[in-house]
Structures are given as structure tokens and as C-alpha cells.
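The following exercises concern the overall dimensions, domains, chain contact and nonpolar cores of a structure. Please work through each task before reading its solution.

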Amino acid sequence: MSGGVDSSVVAGLLRRDGESVIGMTMQLWNQKRIPETAAEGATGRCCSLDDVYDARHVAQLLGIPYYVVNFEDRFEQQVVKPFVDEYLAGRTPIPCTLCNNFIKFDQFLEMAEGVGAREIATGHYAQLSWNAESGRWEMRRSVDRGKDQTYFLFGLKQEQLARTRFPLGGMEKTQVRELARELGIPTAAKPDSQEICFVPNGDYAAFIEGYFREQGIAQSATSGEIVTAEGKVVGEHSGVHHFTVGQRRGLGVAAAEPLYVISTEPATRRVVIGRSDDLLRASMGVKNVNWISIAAPATSIRAEVKIRNKHLAAPATLIPAPDASRVEVRFDEPQRAVTPGQAAVFYQGELVLGGGWIE
Amino acid sequence: MARYYFDHNATTPVSPEVFQAMAPLMTEVYGNPSSIHQFGQEARGVLDEARRSVAGALGAKAEEIVFTSGGTEADNLAIFGAAGHVITTTVEHPAVLQAAAQIPSATFVPVNQCGVVDPEAVRAAIRPDTRLISVMHVNNELGVIQPLAEIARIAQEAGVLMHADGVQALGKILVDVGELGVDLYSVSAHKINGPKGVGALYVRKGTELRPLLYGGPHERKLRAGTENVAGAAGFGRAAKWVREEAAAEVQRQQILRDRLEQGIRARVEGVHVNGGGAARVGNTSNLRFDGIDSEPLLIALDLKGFAVSSGSACSSGATAPSHVLAAIGLTKEQARSSVRFSLGRSNTVAQVDALIDAVVEVVARLRKLAPAYV
């Protein structure tokens, strides 16, 4: 329970259905550690005391036992550090997926079992169903397309899905707010969270710099040159962590046509820039693939592939590599800003086939 | 579901006799003890009686007792009242630890692996400007008893004031401030089946202290503000119980505590008693379970109706790493595997046996889930 509307409604619905419910909030991060990422009035800050207060209030109203559990160490090891490392390695990380894979549906699920719970229920927008024929749990996009979170859930394994419920997957957000009012949940009008929870103001570069300072890591190591695809040096930058593929702003290079970051090269600390067309890619490799609704395919299959959360899934052919954990994706039309470190998630219509990490 | 309370070092329920003693103060006897009229005189009489009772439980004189809002205020009054360099230990309650941290260059003397402070280490820390030594009598997390009298002698030799946080000692071991040789001693009502919101500082006659609060001349000008008469009356009644009945009750609790420790250790492998090598009070057991995260253990026990505790809570309510367990040299993981059981008047043999069964069951489940423990 984050103290927000979604998880509060989940608790309320389960309670209304007569389920035996325990409320839990994970203490993940101490906001005070990196003060420059604070956002006045921001919502969805992880573990702010106000959010814990809201979650506790909801639990009290519902009459369920409620606990705040300390996951700060695990969150830093499994999410924050990899986030920083990925950024510095020139990739654009998705901490929400790491959190889902290694915290929420792994260690938290274990915590839930440890206290004697059979299943966990969360406020994620995704639909789960059991397919008796294939003997697999299937995942589908949420009914509310704007809220769909399946892009962040592709890493979930069958045994995790078997113990998970997403009661909101079949609802529109407006229905959820309506239910919140019906159930008497005081946070019914609380705004949705937007940013990565431990970087409330969305300034990742400031977070990374703040984290470096806190850890006593010298800063100079990430500045370098801005170059064109032909290798011509056109400027300097203060750190590769300020740049992500497809970025247009903040290059500080004057040119006749708009320029974009094409790639970042952490080894040489160079940021490569070019024209919009240079961002197009017809294919990509995807590693550490996890299959959800289908077993790993032996031959090529057709799918729609999402390479960013807000990306419109693009038709493509998935070609399994000899190494079963890899897939080669060939898009029907070249796609802009294929970004290493981002997730590629495979769909067939509503069905989530699986996904992996862009190489 | 039946609920069993094994967290008496956190707080205790108000006993029926204490409740009874307090009831008239909420209704009939409402005067201000400072008032001259008979309403005031009645209240003054109740307050004086309570003061004598608390003094009696500490082996002090009535005029040496200053009522406060609780143990924390009593500790703060001692530390800030002494106004000078302070020496304390690394295992104190936050009320002392955080207060001392406000004093520039305060000294925090470490403890051994059982949680006991070496009096000679305290002696070595004394500086010319040292005004106060503050050492807790009994540790709240471990139940370990400090060599207070020995440290008090060292303080006396050095001409330094000696304070002890006795919040966890009163009602658990015999307290006699004269025999201990302390100048200042903090106690709290709600740890001895009295009400929350009232405590006291023993201030040995002739000890110079600065008040924390300024205002009326209450409590010999050491604690301004109209007295919490009902609270004091409850404290007084609870102190009477300590004087008359605690000794027998402590023995009963110790038998239960030993039954709990032996029962768990006989049926669960890899259980260690934190602070077990030192003299401990009879009601406290701090157990470390190899390979177990205390957080799910505590929650699972709570869901089965058993209230126990681990470490301290941070502001969100999540479990925070214990500074006491760190101070006795436990690793973060070991500290995270530790749970405190603290017994009280309501606990019975049947409850202890049920608790042992519950611990055995939950620990087995947790170890199966996280097979890090072999």
C-alpha cells in the first residue's frame, strides 16, 4: 500500500469480498538523502511520511492489520545502484522493472509468504488469467490503456504470477476513483504519481550527482566530448549521465537542423549526435528474455514490440537466437531511438508474450 | 483471536488498582495543588502521597522526587540540567543518547559484547570540565544490568554528578538510590503498570540543576507547570505495587522467561541469547535466530496474536537497525535476526508455551522460504 488510490482500492475491494487482508507498505528510500531531487508537493515520493500516514489511515478505516516493512537496503542494492551503474554505462535504465523483478514480486512476495500470506495483491494495471490448455498464467494489457503497466511487468515468472493478483486490471481509472469514493477511501482524489519514486522531481542527472557526492565518488570521470557519427568533435559535455538516446535538449551544439543523441559511449565518454534519421533502427537484439503467456518459441513469430513505455507497439518478427535467452527483433518499419538498457516487450494484441532488455 | 502481550519493556497495561486510584482525580478531586482553598489542598494531599510512594520505591526522600512528563523528560532534565561535558554509553535509550548528542563533545563509552560498560573506561573518559556521567541501570533491549554502583563511586571520586536512566530497572530489580550512590535517577510510570505521560527524576538533596521549563515555582522550581495530579496518583499506586509485590512477581517472570528461552532453544537450532553472558533482569529475552529476518517473524507472530518487538521503529513505523545490537558488535544481518521478548504481570505458563509453539512454527517456515540458513 503506497498510500495512493490504486493500492487503497485494492485493499478495500478484497476486504469487501471477505478476504483476509494484511496491508503492507515498503519503506524503500529515504528522501532526505538526495535533497536536490525533492519536489515541492510532488506525489508518489517513495515512503514519504505523508504517504505512510495515508496508507495507515486507509488500513485503519478498513480494519486490517498494517505494517511498514523496511526494504531500504534491498532497494538500494537491487534498484538504485543498478540504476546509477546503467546510466553511467550509457544505458537508460528502468528502475520500476528492476523493482518489480527483484523487490515487489521477489523479496516482498517472500516476505508475504513469511508472514503467512498466500498471495499478494497490488494496484498494478495489468490483467492475469489462467490458461488451462497451455498450463500457463497469461498477462494482458489493462482495460484502461492509458494506465497499462505491462511494459514494466514483463519479467514476472509463472510461479510469481501464480501468487499475484491485479484487481484493477479490468477497470478504468475513473471507475477506480469512483470505487474509492464508494469504499470511503480518504485518498480518492489524490493525484497519480508520475516520476520514478526515488527521484520525485524527475532530474536523474541531479540524482546521480547527489548520490555520487553522498558515496564520496569523484565526479570528473564522466565528462567528455560530443562527436558526430563521422567522429568529428563538435563540443564538450559535463557527463554522459546527462544524455539519453533520442534526447534533443541540452546538447549546446549549434546546427542548421535539429540534432539528437544517437548513442553514448561510456568507455570513451563520448556522446554521439546526429540527425533525426540517424536514430532509426530496423532491428535490435534483446537479451535476458522472459516468456509469460507463451513458452519460448522454437521458430520465428510475429508480434508487436514496445521499446519504451509510451511507444506505440510496432509490428515485428521475433527470431529466437541459438542462445534461448536472446531474441533478434526485425521491425517492419525502422523505429526511432532504440535505446540500450530499455525494455523491449512483445505483444500479440492484448496478450503480453514476454520481453527482455535491449542490447 | 486471543492476543498475548510479550512487549512489556515497551509499555505495560494500567493495572486495575492504578486505574482505581486515578479515577477520582478525573472527576471529584480536580483542584490545582497550588491553590490555597480546600479543592487545592485535596489535590496537594494526593500529590504529596504519590511523591512519598515513588520516593519509597527508590529509597529516596519525598522532597527528592521531581515529577515529569515521563522518562524522556527526566533524562533530558538530568543531562541539560547538569550543564557541562557529559559522559554516557553507546547503548543508552534515545532519550539519553539524543540529548547527550546535543552537548558539544559529549563522550560515548563503548560496551563489551554482552552490552556491559567497563567502569574503568568511564573513568578514563573523565575530563576536567566533565559535569555528568549518565549510564542506564538496565538496558531496554537486552535487559542487561550495568555496574552502576561501581561507576557511581568513580563519579563521586572525581566530583562528577552521576545520573542513571532507571526506566527499565524499577519494578524489575531492587532500586535503592542511596546504595547505588547516584545523584540523579530517571523513572517512568508506564513501565510499571502505571499511566503514560508521567515520570520522575530523583534529584539527591543538594544537587544543583537547571530546569528545562521556566514558569511557576512547581516541583521546587525544577519543573514548571501545573502538576499531572491524576498521573502522579497512578504512578504513586504503581510504585506501591513495586514496593510490596514486585519481588515475588519478578521471580515468577524469571521462571517464565527461562522457560521461554529454554523451550525455544531446545526446539530451534541456531538461536543465541543477545546479552546472555551478562547479569540480566528476569523479564527480558533478546534472541537471535540465525538466517531469519526479524521483520516477517515479528509480523507473523503478531498475526498469530503474539506481540513482540525488534530493534526500534523509525518514523515511518518500519523496523530500524538497533544501535544497541550494533554496539555489542553484531553485524547488520545479525541485528536484523534479533527479536525481543519482554514479560509482564499478565503472562502465564500457558501463554509462554503457546508462544514457543508459534516461534518454532514461524521460524521453520521462514527458514524454508530463505534457505540461506543451513
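The domain bounds used below come from an automatic or database domain assignment. The model is predicted.

**Exercise 1. Determine which segments form the two domains of chain B, and describe how these domains meet.**

Step 1. In the domain assignment of chain B, domain 1 consists of 4–11 + 246–369, and domain 2 covers 16–242.

Step 2. Between the C-alpha centres of domain 1 of chain B and domain 2 of chain B there are 27 Å.

Step 3. At the contact between them, 22 residues of domain 1 of chain B meet 26 residues of domain 2 of chain B. On the side of domain 1 of chain B that touches domain 2 of chain B, at least two residues each are supplied by α9 (229–267), β10 (284–289) and α11 (323–327) of chain B.

Step 4. By residue class, that side of domain 1 of chain B has eight nonpolar, 11 polar and three charged residues.

**Exercise 2. Describe the contact between chain A and chain B from the side of chain A.**

Step 1. Chain A contributes 16 residues to the contact and chain B contributes 14 residues.

Step 2. Two or more residues of the side of chain A that touches chain B come from each of α2 (49–62), β2 (66–70) and α4 (95–114) of chain A.

Step 3. The residues on this side of chain A are 10 nonpolar, four polar and two charged.

**Exercise 3. Assess the radius of gyration of each chain against the globule rule.**

Step 1. Chain A has seven helices and 16 strands, and its C-alpha trace spans about 65 × 50 × 35 Å along the principal axes.

Step 2. For the 359 residues of chain A, a compact globule would have a radius of gyration near 21 Å; the value for chain A is 21 Å, so the two agree.

Step 3. Chain B has 13 helices and 14 strands. The radius of gyration of chain B is 21 Å, close to the 21 Å that the rule gives for 374 residues, and therefore chain B is as compact as a globular protein of that length. Its C-alpha trace spans about 70 × 50 × 35 Å along the principal axes.

Step 4. Buried residues make up 45% of the 359 residues in chain A, while 52% of the 374 residues of chain B count as buried.

Step 5. Among contacts with a separation of 6 or more, residues 24 or more positions apart account for 66% in chain A and for 71% in chain B.

**Exercise 4. Check the length of helix α3 (residues 71–82) of chain B and establish how far the helix is enclosed.**

Step 1. At 1.5 Å a residue, the 12 residues of α3(B) should span 16 Å; the end C-alpha atoms lie 17 Å apart, which agrees.

Step 2. Of these 12 residues, 11 are buried, so α3(B) is largely enclosed by the rest of the structure. Among the buried residues are B:E73, B:D75, B:L77 and B:I79.

Step 3. After α3(B) comes B:A83, which has a positive phi, near 50°.

**Exercise 5. Which residues touch the most other members of the largest nonpolar core?**

Step 1. This core has 123 residues, and the residues in question are A:A344 and B:L297.

Step 2. Residues up to four places away in sequence not being counted, B:L297 touches B:F289, B:I292, B:V339, B:V362, B:V363 and B:L366.

Step 3. A second, separate core has 87 residues, including B:A78, B:V91, B:L142 and B:L161. B:A78 is also one of the buried residues of α3(B).

Terms used: Residues are numbered from 1 along each chain as its sequence is written. Chains are lettered from A and ligands numbered from 1 in the order in which they are written. This is a predicted model: local features need pLDDT of at least 70, side-chain atom pairs count only at pLDDT 80 or more; totals for chains, interfaces and linings use all residues. A nonpolar core is a set of buried Ala, Val, Leu, Ile, Met, Phe, Trp, Tyr and Cys residues joined through C-beta atoms within 7 Å. A residue is buried if 20 or more other C-beta atoms lie within 10 Å of its own, exposed if 12 or fewer, and partly exposed in between; C-beta atoms are placed from the backbone. Two residues are in contact if their C-beta atoms, placed from the backbone, lie within 7 Å. Helices (H or I, at least four residues) and strands (E, at least two) are DSSP runs, numbered from the N terminus. Ala, Val, Leu, Ile, Met, Phe, Trp, Tyr, Cys and Pro count as nonpolar, Asp, Glu, Lys and Arg as charged, and the others, Gly among them, as polar. The radius of gyration is taken over C-alpha atoms; the globule rule is 2.2 Å times the number of residues to the power 0.38. The expected span of a helix is 1.5 Å times one less than its number of residues.
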